[in-house]
Amino acid sequence: MARVVVDVMLKPEILDPQGEAVLGALPRLNVTEVASVRIGKRVEIEFDENARNVEEQSRVIADQLLANPVIEDFTIYIEPSPIEAP
Amino acid sequence: MTARVGIVTFPGSLDDRDAARAVHLAGAEPVGLWHDDAALAGVDAVFLPGGFSYGDALRCGAIARFSQVMDAIAQAAERGMPVLGVCNGFQVLCESHLLPGALVRNAHLRYRNRPARLRVETDRTAWTRRFQAGAEVVFPAKHGEGRYVADEATLDELERSGRVVFRYLDNPNGSMRDIAGVANEAGNVVGLMPHPEHAVEALTGPSTDGLGVVASVLAHLSGAGEPQGANR
């Protein structure tokens, strides 16, 4: 079963007010040496046992639905399938 | 014959009934459309109302974009049918790439719920031709994800081609260049965050300026020539 992880992040030039809010809270943890916090989404997808073209289909999902290319970038990681037990 | 304005209900739409009432008060016939309708029931224009379609899952408007009725609306818009998206409807139009840009979380992260003063920047759209360019209107704004963003080149192009339709006078959400509403190139598709359909009666609205939006599309549909303010 192929497992795919898609990370979706706001483009660097888009303001991330959630990340800024987290950054603003850090001094209360006595953490003062952080320059920037950006928040994104992680999406885990499990394909069917016999799914083909997993990479291609993942790209369609990420590009057309998971990320809005106007404001977001995405990265696709395809997890290597575990070695079948003999 | 009265113009028929289709109002789409997605799962999670909230303002469809107010939109229907506004269309009725302005003298047109509201026609209910459902998210999985494959055809548009012969309507002359389409109003995508506000709300939280599909619970705003993933991003506001991201799932509604793939509903069956949106295919029909995209085709009709291509042929010139007037389409208005308000609030979540605006988000759906941006997600569908019928309008440029995107709507993201308000810069201050708070839900904003108050009347918004706007300037109508152009009368050269199907939905604003009964206004004078430069007129001030007041429509209620109520949204958490209303900050309009686009890249600088797109913003410049929108300004240059007169496609910024509404601009905030008191920017409530951090929208780039105070943009509250934009149009497509042909001017038949318009989206804005504040709600003209909540500004149609003195009893419940901050103004009755919203009637002008429906009046505009009626004038457009009846082929009433140039926009009202064009012969300055």
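**Close-up views of chains A and B**

**View 1. Strands of chain B cover the buried side of helix H2(B).** In this predicted model, the cover over the buried residues of H2(B) includes five strands of chain B: S1 (4–9), S2 (29–34), S3 (45–48), S4 (83–86) and S11 (189–192). Helix H2 of chain B spans residues 68–78, and the buried residues in this helix are B:Val69, B:Met70, B:Ala72, B:Ile73, B:Ala76 and B:Ala77. Looking down the axis of H2(B), you will find these buried residues within an arc of 160°, so they line one face of the helix. After H2(B) comes B:Gly80, with a positive phi near 105°.

**View 2. Three strands of chain A make an open antiparallel sheet.** The strand order is S2-S1-S3. Strand S2 (41–46) and strand S3 (72–79) are the edge strands, each pairing on one side only. From one strand to the next, the twist averages 20°. Zoom in on strand S1 (residues 3–10) of chain A and you can follow six bridges to S2(A), in the antiparallel sense. For A:Val6, the bridge partner in S2(A) is A:Val43.

**View 3. A helix of chain A lies across the sheet strands.** Helix H2 of chain A, residues 54–66, lies across S1, S2 and S3 of chain A. Relative to S3(A), this helix runs at about 155°.

**View 4. Chains A and B meet.** Which chain brings nine residues to the contact, and which brings 11? Chain A brings nine and chain B brings 11. On the side of chain A that touches chain B, helix H1 (residues 17–25) of chain A gives the most, with three residues. That side of chain A has seven nonpolar residues, two polar and no charged.

Note on methods
Residues are numbered from 1 along each chain as its sequence is written. Chains are lettered from A and ligands numbered from 1 in the order in which they are written. This is a predicted model: local features need pLDDT of at least 70, side-chain atom pairs count only at pLDDT 80 or more; totals for chains, interfaces and linings use all residues. Two strands pair if DSSP finds at least two bridges between them. Helices (H or I, at least four residues) and strands (E, at least two) are DSSP runs, numbered from the N terminus. Axes are lines fitted to C-alpha atoms, for helices over the stretch in contact, and angles run from 0 to 180 degrees between N-to-C directions. Two residues are in contact if their C-beta atoms, placed from the backbone, lie within 7 Å. Ala, Val, Leu, Ile, Met, Phe, Trp, Tyr, Cys and Pro count as nonpolar, Asp, Glu, Lys and Arg as charged, and the others, Gly among them, as polar. A residue is buried if 20 or more other C-beta atoms lie within 10 Å of its own, exposed if 12 or fewer, and partly exposed in between; C-beta atoms are placed from the backbone. The arc is that of the directions from the helix axis to the C-beta atoms.
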